[in-house]
Amino acid sequence: MDNEAHAFICFCGIMKRLEGNFRPDGQLMSVKFQHLKLLLQYSDPEFYSYLVSREPMTCSSVTAVAPGAQARVCI
């Protein structure tokens with residue numbers, strides 16, 4: 001977008017719509033990543049295999065949005 005104010009308003013609208021995905025415990029995001037993993041595995045097995053060969057799909061702990069909160073994200 002050429003207008004920074006309009007771009008910011010659109011960004012705020014998108015974030016408001018998606019805010020439920022970003023909870024301090026990170027559980028919903030973990031579910032979303034698991035769904036993405038399964039979708040890739042079935043829709044594009046070749047690309048999925050490539051990703052697996054480049055980096056093992058493992059779980060790791062990351063700091064969530066809330067200070068001090070931990071989330072387990074599997075990709």
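Colleague: Is Ile9 buried or exposed?
Modeller: Keep in mind that this is a predicted model. Ile9 sits in helix H1, which covers residues 4-18. The cut-off for exposed is over 50% relative accessible area. Ile9 comes in at 57%, so the residue counts as exposed.

Colleague: Which residues make the nonpolar surface patch of about 690 Å²?
Modeller: A residue needs over 30% relative accessible area to join a patch, and Ile9 has 57%. Ile9 is one of the members, and the full set is Phe8, Ile9, Phe11, Ile14, Met15, Leu18 and Phe22.

Colleague: What is the N to O distance in the salt bridge, and which side chains meet there?
Modeller: The structure holds one salt bridge. Lys16 brings the nitrogen and Glu19 the oxygen, and the cut-off for such a pair is 4 Å. The side chains of Lys16 and Glu19 meet at 3.3 Å.

Colleague: And how do those partners sit, Lys16 first: buried or exposed?
Modeller: Glu19 has 45% relative accessibility, so that one counts as partly exposed. Lys16 has a relative accessible area of 55%, and over 50% is the cut-off. That makes Lys16 exposed.

Colleague: How many aromatic pairs does the structure hold, and are the rings stacked or edge-to-face?
Modeller: There's one aromatic pair. Its rings belong to Phe47 and Tyr50, with centres 6.4 Å apart and planes at 20°. Planes under 30 degrees apart count as stacked, so the Phe47 and Tyr50 pair is stacked.

Colleague: What separates Phe47 and Tyr50 along helix H3?
Modeller: Helix H3 runs over residues 45-54, and both residues lie in it. Phe47 and Tyr50 are three residues apart there, so the separation is about one helical turn.

Colleague: What is the relative accessibility of Tyr50 in that pair?
Modeller: Partly exposed is the class between 20% and 50%. Phe47 falls in it at 37%. Tyr50 also counts as partly exposed, at 45%.

Colleague: Zooming out, what pattern does the protein follow along the sequence?
Modeller: The secondary structure comes to three helices and two strands. Read along the sequence, these give α-α-α-β-β.

Colleague: What share of the 75 residues is buried?
Modeller: To count as buried, a residue has to be under 20% relative accessible area. The protein exposes about 6300 Å², with carbon and sulfur atoms supplying 61% of it. Of the 75 residues, the buried ones make up 11%.

Definitions and conventions:
Residues are numbered from 1 along each chain as its sequence is written. This is a predicted model: local features need pLDDT of at least 70, side-chain atom pairs count only at pLDDT 80 or more; totals for chains, interfaces and linings use all residues. Side-chain values use heavy atoms; hydrogens and water are left out. Patches are made of residues with over 30% relative accessible area and no salt bridge: like charges are joined within 9 Å, nonpolar side chains (Val, Leu, Ile, Met, Phe, Trp, Tyr) within 5 Å. Accessible areas come from the Shrake-Rupley method with a 1.4 Å probe; for residues, only the protein chains shown count as cover. Helices (H or I, at least four residues) and strands (E, at least two) are DSSP runs, numbered from the N terminus. Buried means under 20% relative accessible area, exposed over 50%, partly exposed in between (1.4 Å probe, protein chains only). Rings of Phe, Tyr and Trp (its six-membered ring) pair if their centres lie within 6.5 Å; planes under 30 degrees apart count as stacked, over 60 as edge-to-face and the rest as tilted.
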